[in-house]
Amino acid sequence: MSKSDKIYVAGHQGMVGSAIVRLLKEQGYENIITRTRNELDLTNQTAVREFFFREKPDQVYLAAAKVGGILANNTYPADFIYQNLMIESNVIHSAFECNTKKLLFLGSSCIYPKITDQPMSEDALLSGYLEPTNEPYAIAKIAGIKICESYNRQYSASHGIDYRSVMPTNLYGPGDNYHPENSHVIPALIRRFHEAKINNEKKVIVWGSGNPKREFLYVDDMASASVHVMNLDKQIYYKSSSKMCSHINVGSGKDISIKDLAYLVKDVIQYIGKVEFDTSKPDGTLRKLLNSTKINTTGWHSRVELREGLEKTYQIFLKIHG
Ligand SMILES: NC(=O)c1ccc[n+]([C@@H]2O[C@H](COP(=O)([O-])OP(=O)(O)OC[C@H]3O[C@@H](n4cnc5c(N)ncnc54)[C@H](OP(=O)(O)O)[C@@H]3O)[C@@H](O)[C@H]2O)c1
């Protein structure tokens with residue numbers, strides 16, 4: 001892999017895609033290509049094919065996807081399954097057709113069954129029913145893994161392709177979505193505590209009992225895992241993977257209760273009011289933690305501790321929304 005190789009980052013304006021571009025630039029990669037959605041709609045097969053044949057990238061990071069919270073997934077299931085299947089099929093097939101040897105597909109931990117052993121290992125895939133609220137999105141993500149594997153199985157020997165998949169845990173950091181109804185737990189808490197602080201509110205109400213535990217990873221760590229997996233020696237990557245279970249989990253390996261997280265965010269924001277938990281609201285799964293042993297054994301470990309990541313994230317939030 002040379003620093004002048006042409007690298008296409010799909011979804012470069014998103015939270016993960018922008019972190020991957022930042023890291024690649026820091027590492028001295030000189031030939032990064034990007035397109036906004038207006039310039040290239042990845043659900044448009046003809047446009048994607050023309051783009052790939054014009055640019056012929058050596059590597060592709062596929063971080064573009066239709067992403068959203070529970071409400072959006074529940075309201076727009078057709079958009080989630082259709083757009084994600086189209087983006088993956090178009091990008092992966094066009095990459096193959098124009099001889100791109102290396103591609104990294106970003107999935108999600110929601111590919112794993114709703115009820116499964118914790119921490120969740122890669123081989124838990126397809127061992128049970130999915131969480132119904134985001135099943136269409138998860139099915140599309142599973143299809144993305146299987147598209148990569150199928151192209152590898154059919155064409156890696158003849159065409160030398162090597163398409164890999166990473167499954168990130170819950171991510172947070174610069175570029176996150178702070179939409180009041182459609183954001184993930186960390187941006188939602190940051191926004192809520194920040195607003196309570198500036199409005200001198202006496203208390204903040206957090207939905208649920210606070211007992212469920214979740215895992216979080218700072219997005220710059222996700223970018224470093226992505227570049228690490230993309231460039232990992234083939235023998236090392238496939239030492240712990242099989243041809244039909246080739247995806248690799250990426251997590252911090254640590255989980256935290258929503259209650260402890262809420263108090264941590266409160267502390268980082270320096271909000272002095274009270275925190276109350278509304279136990280009439282649903283809790284969801286009690287624990288969701290990825291088993292990241294596989295990626296850890298290849299030499300990658302997360303670096304940014306949760307408190308440090310939250311502090312950095314809040315500083316960036318203040319610059320944009322403060
Ligand atoms: N965020 C998390 O906690 C998390 C956790 C696990 C996995 N992931 C995965 O990581 C990947 C990136 O997520 P993210 O959080 O960075 O999402 P994001 O911030 O929403 O970024 C997604 C990007 O994809 C682009 N995109 C969507 N549809 C497109 C289309 N039809 N054509 C061209 N571009 C399109 C979006 O463009 P616009 O800017 O125009 O909308 C956006 O830039 C996704 O595959 C997601 O499943 C994320």
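Start by selecting the open sheet, whose 6 strands follow the order β2-β1-β3-β4-β5-β9 with parallel pairing; strands here are DSSP runs of E of at least two residues, helices are runs of H or I of at least four residues, and both are numbered from the N terminus. Two strands are said to pair if DSSP finds at least two bridges between them. The model is a predicted one, in which local features need pLDDT of at least 70 and side-chain atom pairs count only at pLDDT 80 or more, while totals for chains, interfaces and linings use all residues. Residues are numbered from 1 along each chain as its sequence is written, and side-chain values use heavy atoms, with hydrogens and water left out.

Now colour β2 (32-33) and β9 (248-250), which stand at the edges with a single partner strand each, so one side of each is left without a neighbour in the sheet. Move next to β1 (residues 7-10) and β3 (residues 59-62), which pair in the parallel sense over 4 bridges, and there find Ala 10 opposite Leu 62 in β3.

With the sheet still displayed, add helix α4 (residues 77-97), which packs on the sheet and touches β3, β4 (102-106) and β5 (162-168), contact meaning heavy atoms within 4.5 Å. The direction of α4 makes about 175 degrees with that of β3, where axes are lines fitted to C-alpha atoms, for helices over the stretch in contact, and angles run from 0 to 180 degrees between N-to-C directions. Then add α5, which also packs on the sheet, touching β4 and β5, and whose direction makes about 155 degrees with that of β5.

Select the loop between β4 and α5, where Pro 119 is found; a cis peptide bond joins Gln 118 and Pro 119, with omega about -10 degrees. The loop between β4 and α5 also holds Leu 126, which has a positive phi of about 65 degrees although it is not a glycine.

Finally, show the ligand and the 25 residues around it, of which Met 15, Val 16, Arg 37, Tyr 137 and Lys 141 come nearest; a residue counts as near if one of its heavy atoms lies within 4 Å. The shell divides into 13 nonpolar, 9 polar and 3 charged residues, with Ala, Val, Leu, Ile, Met, Phe, Trp, Tyr, Cys and Pro counted as nonpolar, Asp, Glu, Lys and Arg as charged, and the others, Gly among them, as polar. For a last stop, look at Met 15, where a polar backbone atom is 2.9 Å from an oxygen atom of the ligand.

Terms used. A polar contact is a pair of N or O atoms within 3.5 Å; within protein, one must be able to donate a hydrogen and the other to accept it, and residues adjacent in sequence count only if both atoms are side-chain atoms.
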